[in-house]
Amino acid sequence: MPQTITKGYKALLEEANALIRTLGVEEARAMHGQGDVVFVDLRDPRELEREGRLPGAFHCPRGMLEFWIDPESPYAKPVFQQDKTFIFFCAGGWRSALAARTAQEMGLKPVAHIEGGFGAWKKSGAPVQLPEPLTGEKP
């Protein structure tokens, strides 16, 4: 018997976006480089290698977020214990909306996410650290 999904991704995103702060790229750019702001890149390592990075962003794979935020977790990261603003982003803004909601529900604050994610950031001409080109063959 096939599964019956009672709440799809669109409903989850709508709920998350109603509860979290969403930043446009220009607003996020104005916050970039401020000492009291941490940009959190949720993308998969392969996405970073392919698309580049937002300079100075902390990389936290989406699958580890809850474990890295919780100070009681053996995987807790000190960056999430700081009194800072956390701005989450992914490739297009879906994972980051859900992540910002989760982080906020866990008690991390203040949090926000970038509408349109890294794709919108890059398209706007904001600073990007491009991946190193592959040279030669792998051994």
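Here are three short exercises on helix α5 and its surroundings, each with a worked solution.

This is a predicted model, in which local features need pLDDT of at least 70, side-chain atom pairs count only at pLDDT 80 or more, and totals for chains, interfaces and linings use all residues. Residues are numbered from 1 along each chain as its sequence is written, and side-chain values use heavy atoms, leaving out hydrogens and water.

**Exercise 1.** Find which residues of α5 are buried and what they pack against.

*Solution.* Start with the element: α5 covers residues 94-106 (helices are DSSP runs of H or I with at least four residues, strands runs of E with at least two, numbered from the N terminus). Next, pick out the buried residues (under 20% relative accessible area, 1.4 Å probe, protein chains only): Ser96, Ala97, Ala99, Ala100, Arg101, Thr102 and Ala103. Finally, look at their neighbours: they pack against α1, α4, β4 and β5, where contact means heavy atoms within 4.5 Å.

**Exercise 2.** Work out how α1 and α5 are oriented to each other.

*Solution.* Two packed helices are described by the angle and the distance between their axes. Here the axes come within 9 Å and cross at roughly 55° (lines fitted to C-alpha atoms over the stretch in contact, with angles from 0 to 180 degrees between N-to-C directions). The two helices are therefore oblique to each other (not under 35, over 145 or 65 to 115 degrees).

**Exercise 3.** Follow the chain past α5 and locate the cis peptide bond.

*Solution.* Just after α5, Gly107 has a positive phi of about 110°. Further along, the bond from Lys109 to Pro110 is cis, with omega near -10°. Pro110 lies in the loop between α5 and β5.

Key: The expected span of a helix is 1.5 Å times one less than its number of residues. Buried means under 20% relative accessible area, exposed over 50%, partly exposed in between (1.4 Å probe, protein chains only).
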